[in-house]
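I opened the notebook today to look up how the strands pair and where the salt bridges lie. My entries follow in the order in which I made them.

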Amino acid sequence: MVFKARPNATVVAPYDGEIAFTGPFRDYGNMVLVKHKSGLISLIAGLGEVRANLGQKLLKGEPLGSMPNAPAPQAYIELRDRTAKPIDPGAQ
């Protein structure tokens with residue numbers, strides 16, 4: 001899913017979890033992977049700045065980064081299963 005955002009908007013953890021990856025990745029730009037206790041993984045990409053560290057534990061709503069200072073930034077969000085396969089929210 002893609003969400004329009006404000007420039008420099010704070011991006012928060014969608015649910016409790018642990019940071020499994022941070023940094024640039026392919027066409028995703030700056031990205032964060034949050035692994036949740038259930039085994040699901042949240043992928044949050046399109047960030048201007050990442051303010052979370054590998055292995056850091058976050059609670060739902062805690063800041064993990066911010067959007068870029070650019071006109072009409074967009075955040076890209078995926079939910080992945082335990083095997084890291086994307087889950088299609090429309091197929092549920």
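I first fixed my terms for accessibility: a residue is buried under 20% relative accessible area, exposed over 50% and partly exposed in between, with a 1.4 Å probe and protein chains only. The model is predicted, so I kept in mind that local features need pLDDT of at least 70, that side-chain atom pairs count only at pLDDT 80 or more, and that totals for chains, interfaces and linings use all residues. Residues are numbered from 1 along each chain as its sequence is written, and side-chain values use heavy atoms, with hydrogens and water left out.

**Salt bridges**

I took a salt bridge to be a side-chain nitrogen of Lys or Arg within 4 Å of a carboxyl oxygen of Asp or Glu, and by this rule I count 3 salt bridges. I looked up Glu 18 and found that it forms a salt bridge with Lys 57, with 3.9 Å between the closest N and O atoms. This pair links distant parts of the chain, since Glu 18 lies in strand 3 (residues 17–25) and Lys 57 in strand 7 (residues 57–58), 39 residues apart. Glu 18 is partly exposed at a relative accessible area of 35%, whereas Lys 57 is exposed at 63%.

I then turned to Glu 49 and Arg 51, whose side chains meet in a salt bridge at 3.8 Å, N to O. Glu 49 is partly exposed at 41% relative accessibility, and Arg 51 is partly exposed with a relative accessible area of 41%. For Arg 80 and Glu 78 I noted a salt bridge at 2.6 Å, N to O, and here both Arg 80 and Glu 78 are buried.

**Strand pairing**

For strands I used DSSP runs (E, at least two residues), numbered from the N terminus, and I called two strands paired if DSSP finds at least two bridges between them. I found an open sheet of 3 strands in the order 2-8-6, with antiparallel pairing. Strand 2 (10–12) and strand 6 (49–50) each have a single partner strand and stand at the edges, so one side of each is left without a neighbour in the sheet. Strand 2 is joined to strand 8 (residues 63–66) by 3 bridges, and I noted Pro 63 in strand 8 as the bridge partner of Val 12.

I closed with strand 9 (residues 74–80), which pairs with strand 1 (residues 2–4) in the antiparallel sense over 3 bridges; Gln 74 in strand 9 is the bridge partner of Lys 4. Strand 9 also pairs antiparallel with strand 5 (residues 41–47), over 5 bridges, and Ile 44 stands opposite Ile 77 in strand 9.

Conventions. Helices (H or I, at least four residues) and strands (E, at least two) are DSSP runs, numbered from the N terminus.
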